[in-house]
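Here is a note for a colleague who is beginning to read protein structures, set out as numbered points. Please keep the sequence and the structure open beside the text while reading.

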Amino acid sequence: MRSPDTAVVLVAGGSGERFGRPGGKQLAPLAGRPVLAHSFDAAAASARVGFVVVVCPPSRVEEYAQALCPRPSSAEVRFVAGGERRQDSVAAGLAEVPDAFDYVVIHDGARPLALPELFSAALDTLDADPGLDGVVVGYPSVDTLKRVEGGRVAETPDRAQYWAVQTPQAFRASVLRRAYVQAEAAGLEGTDDASFVEAVGGVVGLVEGPRDNIKVTLAEDLALAEAVVAGRSERSAR
Ligand code: C5P
């Protein structure tokens with residue numbers, strides 16, 4: 001078995017305001033475990049993962065640590081306070097990752113349905129191609145996309161050129177660190193991590209993942225996630 005070469009930054013530092021229930025989404029129960037525990041267990045499942053940093057809302061670090069521990073993982077686990085924007089939370093997590101790890105995988109705590117195989121696929125694709133600096137998971141857009149200006153359609157791009165992209169996103173650690181330093185210096189804002197790697201000229205590959213890797217944002221998303229988990233256990237019981 002290869003020794004651990006990968007660290008995971010699990011970002012769960014958002015306020016979860018849109019979820020609209022006290023306590024937020026990350027600790028809400030999904031099939032008997034907190035949403036965040038599902039994300040953690042899938043992200044940490046590989047023996048390649050030796051370190052996991054869970055980024056929490058600043059006032060809830062202790063609460064998240066208690067809700068999550070212990071987890072069935074041999075990785076070293078750390079809980080840290082996040083920042084105002086998602087990218088600030090990722091930067092706070094990245095700062096904790098020891099230099100010894102060659103790869104960093106970033107995952108949204110709010111995506112509890114990503115399976116361990118998806119993490120492995122992203123890492124293996126990155127590993128197999130020395131020309132890649134990162135790999136994102138997603139799928140080709142199935143919807144028609146419109147660019148909107150002032151509430152009116154300005155343009156309909158060719159959807160064949162577009163993917164919907166989620167996490168996990170896997171990167172060579174050195175490139176990701178450089179990308180984050182540059183993003184901070186240039187005042188860039190982004191909704192994913194790959195965009196910062198792209199901004200420093202990094203090459204990012206794609207792995208096609210399932211469409212059920214949803215982000216739990218609204219309370220109704222949790223019902224959808226419950227249905228997906230129930231469907232999976234029904235299929236595995238057959
Ligand atoms: O806000 P958004 O839906 O993009 O959040 C995606 C993930 O990033 C969530 O798991 C959320 O908790 C996390 N996040 C964070 N710190 C923030 C904002 C979002 O860790 N300031």
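1. A cavity, as the word is used here, is a set of grid points where a 1.4 Å probe fits but cannot get out, and a residue counts as lining such a space when it has an atom within 4 Å of a point. The structure shown is a predicted model, and this should be kept in mind at every point that follows.

2. How many cavities of 30 Å³ or more are there? The count comes to one, and the space in the largest cavity is about 30 Å³. Its lining is made by Gly14, Ser15, Gly16, Gly24, Lys25, Gln26, Pro57, Arg60 and Tyr64, a set that divides by class into two nonpolar, five polar and two charged residues.

3. The pockets are open spaces, and the largest pocket has a volume of about 690 Å³. Its lining holds 29 residues, and those that lie nearest the centre are Gly14, Arg18, Arg86, Asp108 and Lys215. Two elements, helix α3 (86-94) and strand β10, give two or more residues each to this lining, and the largest share, four residues, comes from β10. When the lining of the largest pocket is sorted by class, there are four nonpolar, 14 polar and eleven charged residues. Gly14, which is among the residues nearest the centre of the largest pocket, is also one of the residues that line the largest cavity.

4. The second largest pocket has a volume of about 170 Å³. Of the 13 residues in its lining, Gln87, Ala91, Tyr180, Val181 and Glu184 are the closest to its centre. Both α3 and α5 (173-186) supply at least two residues here, and α5 contributes the largest share, which is five residues. By class, the lining of the second largest pocket has eight nonpolar residues, one polar residue and four charged residues. A student may wish to set these numbers beside those of the largest pocket, where the lining has four nonpolar, 14 polar and eleven charged residues.

5. On the surface, Trp163, Val165 and Leu206 together make a nonpolar patch of about 230 Å². Trp163 belongs to strand β10, which covers residues 163-172, and this is the strand that gives four residues to the lining of the largest pocket. Is Trp163 buried, partly exposed or exposed? Trp163 counts as partly exposed because its relative accessibility is 31%, and partly exposed is the class between under 20% and over 50%.

6. The next point concerns charged side chains that pair with one another. A search of the whole structure finds 18 salt bridges, and one of them joins the side chains of Asp5 and Arg48, with a distance of 3.1 Å from N to O. Asp5 lies in the segment before β1 (6-11), whereas Arg48 lies in the loop between α1 (35-43) and β4 (49-56), so this pair ties together parts that are 43 residues apart in sequence. Asp5 is buried because its relative accessible area is 9%, and Arg48 is likewise buried, with a value of 8%. The two residues also belong to a network of salt bridges that links Asp5, Arg48, Asp124 and Asp127.

7. A further salt bridge is formed by Asp41 and Arg71, whose closest N and O atoms are 2.6 Å apart. This pair, too, links distant parts of the chain, since Asp41 is in helix α1 and Arg71 is in the loop between α2 (61-68) and β5, 30 residues apart. Asp41 and Arg71 are both buried.

8. What are the accessibilities of the two partners in the salt bridge between Glu76 and Arg78, whose closest N and O atoms are 2.7 Å apart? Glu76 is partly exposed, with a relative accessible area of 41%, and Arg78 counts as partly exposed at 32% relative accessibility.

9. The last point concerns Glu84, which is found in the loop between β5 (76-81) and α3. Glu84 counts as exposed because its relative accessibility is 82%, and exposed means over 50%. Glu84 and Arg178 are 94 residues apart along the chain, and their C-alpha atoms are separated by 21 Å.

Notes
Residues are numbered from 1 along each chain as its sequence is written. This is a predicted model: local features need pLDDT of at least 70, side-chain atom pairs count only at pLDDT 80 or more; totals for chains, interfaces and linings use all residues. Side-chain values use heavy atoms; hydrogens and water are left out. On a 1 Å grid over the protein atoms alone, a cavity is a set of points where a 1.4 Å probe fits but cannot get out, and a pocket is an open set with protein on both sides within 12 Å along at least five of seven lines; lining residues have an atom within 4 Å of a point. Grid points are joined across faces, edges and corners, and a volume is the space filled by probe spheres set on the points. Ala, Val, Leu, Ile, Met, Phe, Trp, Tyr, Cys and Pro count as nonpolar, Asp, Glu, Lys and Arg as charged, and the others, Gly among them, as polar. Patches are made of residues with over 30% relative accessible area and no salt bridge: like charges are joined within 9 Å, nonpolar side chains (Val, Leu, Ile, Met, Phe, Trp, Tyr) within 5 Å. Accessible areas come from the Shrake-Rupley method with a 1.4 Å probe; for residues, only the protein chains shown count as cover. A salt bridge is a side-chain nitrogen of Lys or Arg within 4 Å of a carboxyl oxygen of Asp or Glu. Buried means under 20% relative accessible area, exposed over 50%, partly exposed in between (1.4 Å probe, protein chains only).
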